[in-house]
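Here is a walk through a two-chain structure for someone meeting it for the first time. Have the view open and follow along.

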Amino acid sequence: MTRLRVIAAQELRDLWLTGRGLPLMLAYAVLLSVTSYLVASNQALNFLEQREAVSLTVQVAIGVAALLVLVTSADAISGERERGTLEWLLLTPTPRWVLLAGKGLAAMSLWLVAYVVSVPYIWYLARGTGVLGRALVAGLCVGTLIALFLCSLGLAISTVAGSNRVALAVSFFVLLAVFFPTQLPASAQGGGIGDLLLRVDPVTAGLQYLGLLLITGHSAGEDIDWLLGPVVLAVLAAAAALVVGARMSLRPGRSA
Amino acid sequence: MSRLASAVLAGLVTIIVSAAPASADSPSDSASVQISQDPTTARADIGAPFSFTTTVSNPGDQPVPDLVAHLNIVSLDPVVTVDPEDWSTRRTQYLQPVAAHGSTRLSWSVHAVNDGRFVVYVALATAGAETVTAGPALHVVVSRQRHLDPGGVLPVAVAVPVVVLVLVIAARYRRRRLS
């Protein structure tokens with residue numbers, strides 16, 4: 001546990017003090033500002049009902065933060081490998097899964113900080129709607145599940161990818177694939193297969209749950225089955241990443 | 001003489017037929033009621049709501065049941081497309097029977113979604129009627145008013161990136177000092 005704490009602390013320092021954590025947060029804040037401004041403009045015209053505006057902002061906050069987590073985790077191992085620093089890391093007397101978990105915690109910190117950055121926007125847009133509390137709590141829960149799933153996926157891809165470019169390209173492809181069901185037309189979402197696809201895909205299921213909670217006004221437990229897919233896949237992806245991470249090597253495809 | 005008599009008879013028949021109701025037993029329809037509107041002109045800023053009332057009067061001796069009033073919006077500018085559903089969430093009202101020589105008032109609440117010149121009107125229909133009666137036009141001029149700070153969100157939209165920017169600069173300054 002101490003080793004994990006040491007590795008995580010080092011990774012967090014690298015990310016937030018000398019790395020790209022803060023510049024990424026600046027870009028994230030600017031994006032949320034633009035989104036909130038546009039949402040407020042539409043709200044003033046009554047195009048968007050206020051709860052829809054809150055839901056949209058929470059979903060954008062989660063979606064973009066999850067993207068940042070995925071990009072950072074996809075760079076975690078393959079990036080070190082290309083920069084020639086993975087060898088030093090592998091020489092440390094630490095189990096490799098602990099190295100991976102430390103990098104995972106650092107990548108997940110991006111989600112948590114991004115969520116803190118998004119709170120003022122959500123608070124401002126949700127004033128007087130009565131959904132502020134549930135928007136913040138549900139946003140945190142759903143976002144953590146999605147971020148954990150994508151972070152684990154990124155780490156696993158980064159561990160086995162031949163190059164950093166491949167790791168990033170595959171991660172982006174996976175990201176597009178998991179966001180794809182959210183863009184399906186309503187007619188394609190009906191029926192057994194369509195419904196199953198929506199529920200299995202953690203991003204779609206999580207955002208659907210948020211929509212039902214914030215826009216439709218359902219209680220937190222009413223549609224909790226929508227979170228079954230995200231929970232199961234987040235746990236499975238994290239376990240798979242740790243298993244793959246335990247076999248991390250200087251050159252992908254070769255056991256250590 | 002017989003030709004003159006025939007012409008007079010035909011004329012009389014025509015006058016009698018056109019003066020008589022379509023059918024004494026036919027259901028009263030929307031054509032037998034009158035619609036008035038207040039006001040007849042309105043000005044609004046884009047995004048702002050405005051309201052007006054329509055009075056449906058029945059000058060006849062029979063009550064008029066089953067009237068349906070429907071609100072519609074027409075743009076007088078060919079390049080402005082109107083989606084009436086955006087303008088009003090309640091565009092159809094089902095009326096209680098209007099008593100003989102009575103009237104009923106309908107209130108309409110509308111949001112000005114596009115800028116330009118528009119005509120808003122209410123049409124009355126019934127299930128068995130052959131015609132739809134349209135009321136007088138409400139001429140609406142909607143002006144565009146650009147808000148720099150919609151919903152007061154601008155302070156938050158500016159402050160948060162500025163705070164993060166300060167943190168970025170502070171981290172960079174610290175890094176330079178340490179190196």
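## What a chain A helix packs against

The buried residues of α7(A) pack against three helices of chain A: α3, α6 (132-160) and α10 (202-214). Before going on, keep in mind that this is a predicted model.

So which residues of α7(A) are the buried ones? They are Ala167(A), Leu168(A), Ser171(A), Leu175(A) and Val178(A). These residues cover an arc of only 95 degrees around the axis, which puts them on the same side of α7(A). Turn to the face pointing away from that buried side and you'll find the exposed residues Arg165(A), Phe173(A), Leu176(A) and Ala177(A).

Further along chain A, α11(A) can be read in a similar fashion. Its buried residues are Gly229(A), Pro230(A), Leu233(A), Ala234(A), Ala237(A), Ala241(A), Val244(A) and Gly245(A). Those residues take up an arc of only 120 degrees around the axis, so they sit on the same side of α11(A). Leu228(A), Leu236(A), Ala239(A) and Val243(A) are exposed on the other side.

Now for α3(A), one of the partners of α7(A). This helix is mostly covered, with 26 of its 34 residues buried. Where does α3(A) kink? The kink is centred on Ala76(A) and comes to about 45 degrees. Just after the helix comes Gly84(A), whose phi is positive, near 75 degrees.

Here are the spans of these helices, from first C-alpha to last.

| Helix | Residues | Length | End-to-end span | Expected at 1.5 Å a residue |
|---|---|---|---|---|
| α3(A) | 50-83 | 34 residues | 47 Å | 50 Å |
| α7(A) | 164-179 | 16 residues | 22 Å | 22 Å |
| α11(A) | 228-246 | 19 residues | 27 Å | 27 Å |

## Two nonpolar cores

The largest nonpolar core has 86 residues. Among its members, the ones with the most contacts inside it are Met25(A), Ala65(A), Val69(A), Leu110(A), Ala114(A) and Ala147(A). Helix α5 (residues 96-126) of chain A contributes the largest share of this core, 18 residues. There is also a second, separate core of 22 residues, which includes Leu71(B), Val113(B), Phe118(B) and Val122(B).

Met25(A) is a handy residue to click on. Setting aside neighbours within four places in sequence, Met25(A) is in contact with Val113(A), Ala114(A) and Val117(A), and also with Val164(B) over on the other chain.

## Where the chains meet

At the interface, 22 residues of chain A are in contact with 19 residues of chain B. On the chain A side, α1 (2-18), α2 (21-44) and α5 each supply at least two residues. Which of them gives the most? That would be α2(A), with 13 residues. Sorted by class, this side of chain A has 16 nonpolar residues, six polar ones and no charged ones.

## A look around chain B

Chain B has three helices and nine strands. Starting at the N terminus, the elements run α-β-β-β-β-α-β-β-β-β-β-α. Of the 179 residues in chain B, 21% are buried. Counting contacts with a separation of 6 or more, 73% of those in chain B are between residues 24 or more positions apart.

Ala44(B), in strand β2 (residues 41-45), gives you a feel for this. Leaving out neighbours within four places in sequence, Ala44(B) is in contact with Phe50(B), Ala112(B), Val140(B) and Val142(B). Is Ala44(B) buried or partly exposed? It has 18 other C-beta atoms within 10 Å, so Ala44(B) counts as partly exposed. Ala127(B), on the other hand, is 35 Å from Ala44(B), C-alpha to C-alpha, and 83 residues apart from it in sequence.

A few loops in chain B deserve a stop. Pro39(B) is in the loop between β1 (34-38) and β2, and a cis peptide bond with omega of about -5 degrees joins Asp38(B) to Pro39(B). In the loop between β3 (49-57) and β4 (68-75) lies Asp66(B), which has a positive phi of about 60 degrees although it is not a glycine. Asp66(B) is partly exposed, because there are 17 C-beta neighbours inside 10 Å.

His101(B) is another non-glycine residue with a positive phi, near 60 degrees. You'll find His101(B) in the loop between β5 (92-94) and β6 (103-111). With 11 C-beta neighbours inside 10 Å, His101(B) counts as exposed.

Key
Residues are numbered from 1 along each chain as its sequence is written. Chains are lettered from A and ligands numbered from 1 in the order in which they are written. This is a predicted model: local features need pLDDT of at least 70, side-chain atom pairs count only at pLDDT 80 or more; totals for chains, interfaces and linings use all residues. A nonpolar core is a set of buried Ala, Val, Leu, Ile, Met, Phe, Trp, Tyr and Cys residues joined through C-beta atoms within 7 Å. A residue is buried if 20 or more other C-beta atoms lie within 10 Å of its own, exposed if 12 or fewer, and partly exposed in between; C-beta atoms are placed from the backbone. Helices (H or I, at least four residues) and strands (E, at least two) are DSSP runs, numbered from the N terminus. Two residues are in contact if their C-beta atoms, placed from the backbone, lie within 7 Å. The expected span of a helix is 1.5 Å times one less than its number of residues. The bend at a residue is the angle between axes fitted to the seven residues ending there and the seven starting there. The arc is that of the directions from the helix axis to the C-beta atoms. Ala, Val, Leu, Ile, Met, Phe, Trp, Tyr, Cys and Pro count as nonpolar, Asp, Glu, Lys and Arg as charged, and the others, Gly among them, as polar.
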